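Trainee: Please show me the sequence and the structure, and then we can go through the packing.

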Amino acid sequence: MGKGEATRERILEIAESAVLAKGFGATSIDEVIAEAGLTKSGFFYHFRDKNALAREMVRRYVDTNDRMFDDIFARGAELSDDPLQAFLISLKLLAEIMADLPNGHPGCLIASICYQERLFDREVRDLTADSVRSWNARFRAIFDGIAAVHPPREPIDLGDLADTMSCIVDGGIIMSKTLNDPRRLERQILVFRSFVKLVFSPVQA
């Protein structure tokens, strides 16, 4: 990584930490510049304005989460050929990763933008919406694969079930931070795991 790329990454790290701690509205470019040890011209060399910074923060956040999901679901698929068992394994791995975070999950950047969407231009808002649709589509594809082998016990919209996965994770993050209980996200993921197992388990004769 070159010096310019390292500086850009440092700015994004500082900005993300500040935004997750207190939101975009309360995070100023001046404080990011001061923390990074840059001049204003040095900052604006990398980011034209706060919307440009937000766009790159979202892309970085989404890429990081995508890589995590890729690794987790690939590992589940390696450990079981059955799509249901592979997904249950993956959820257990996800819960373990969340439990290993010493102070809990730092927060959801997408949620931070959603709560203050009037601060951002259309491109930033569209980028956040597209990221949520992409994650929901990922989970929907997994549930489609499971349902092809294990039909659900009750009529259920698989798109809504996929949305629930996203809701569980974001809701768990919010609840963990609000109640100062870092392990609550882990427990919510495991409850969702039990629910998925029940939905797709065969009906006992």
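The questions below deal with helix packing and the nonpolar core.

Mentor: This is a predicted model, in which local features need pLDDT of at least 70, side-chain atom pairs count only at pLDDT 80 or more, and totals for chains, interfaces and linings use all residues. Residues are numbered from 1 along each chain as its sequence is written, and side-chain values use heavy atoms, with hydrogens and water left out.

Trainee: Is Leu-12 buried or exposed?

Mentor: Leu-12 lies in helix 1 (residues 3–22); helices are DSSP runs of H or I, at least four residues, and strands are runs of E, at least two, numbered from the N terminus. Buried means under 20% relative accessible area, exposed over 50%, and partly exposed in between, with a 1.4 Å probe and protein chains only. At a relative accessible area of 5%, Leu-12 is buried.

Trainee: Which helix gives the largest share of the largest nonpolar core?

Mentor: A nonpolar core is a set of buried Ala, Val, Leu, Ile, Met, Phe, Trp, Tyr and Cys residues joined through side-chain atoms within 4.5 Å. The largest one has 54 residues, and Phe-87, Phe-143, Phe-192 and Phe-200 have the most contacts inside it. The largest share, 10 residues, comes from helix 4.

Trainee: Which residues of helix 9 make the contact with helix 7?

Mentor: The axes, lines fitted to C-alpha atoms over the stretch in contact, come within 10 Å and cross at roughly 35°, where angles run from 0 to 180 degrees between N-to-C directions. Contact means heavy atoms within 4.5 Å. Helix 7 contributes Phe-143, Ile-146 and Ala-147, and helix 9 contributes Phe-192, Val-196 and Phe-200.
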